[in-house]
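Visitor: I would like a close look at a single part of this protein. Please walk me through it, then set it against the rest of the chain.

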Amino acid sequence: MPRCGNDHKEDGVHLNLPDAVDYTAKRYFTSTENPVLLEIDTSSFAELIEWRSPLP
């Protein structure tokens, strides 16, 4: 089960900018969970991305 409630609020995928990856990984995962980092080339669907302000 995802730990971030945002994963269930919208019909979509929750992504982070590169500068937020380390914080997010440490905040929501443990090293024993073996989180996977994906680098996504968004150039082919950039117009479909909805950028939102970070929440506290």
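Guide: Val13 is exposed. Its relative accessible area is 71%, and the cut-off for exposed is over 50%, so Val13 earns the label. Keep in mind that this is a predicted model.

Where does Val13 sit? It lies in the loop between α1 (6-9) and α2 (21-28).

Val13 also belongs to a nonpolar surface patch. Its partners there are Leu15, Val36, Leu38 and Ile40. Together with Val13, these residues make a patch of about 550 Å².

Now the setting. The protein chain has two helices and zero strands. Its accessible surface comes to about 5,700 Å². Carbon and sulfur atoms account for 56% of that surface. Of the 56 residues, 4% count as buried.

For a contrast with Val13, turn to helix α2, where Thr24 is found. Is Thr24 buried or exposed? Thr24 is buried, because its relative accessible area is 15% and buried means under 20%.

What does the side chain of Thr24 reach? It reaches the backbone oxygen of Ala20, at 2.9 Å. Thr24 has further contacts once its neighbours within four places in sequence are left aside. Those contacts are with Asn16 and Phe29.

To put the two side by side: Val13 is exposed at 71%, whereas Thr24 is buried at 15%. Val13 is in the loop between the helices α1 and α2, and Thr24 is in helix α2.

Note on methods: Residues numbered from 1 in each chain as written. Predicted model: local features only at pLDDT ≥ 70, side-chain atom pairs only at ≥ 80, totals over all residues. Heavy atoms only, no water. Patch = residues over 30% accessible without salt bridge, like charges linked within 9 Å, V, L, I, M, F, W, Y side chains within 5 Å. Areas by Shrake-Rupley, 256 points an atom, 1.4 Å probe, with all protein chains shown as cover. Salt bridge = Lys/Arg side-chain N within 4 Å of Asp/Glu carboxyl O. Helix = DSSP H or I, 4+ residues; strand = E, 2+ residues; numbered from the N terminus. Buried < 20%, exposed > 50% of the residue type's maximum accessible area, 1.4 Å probe, protein only. Polar contact = N/O pair within 3.5 Å; in protein donor to acceptor, adjacent residues only side chain to side chain. Contact = heavy atoms within 4.5 Å.
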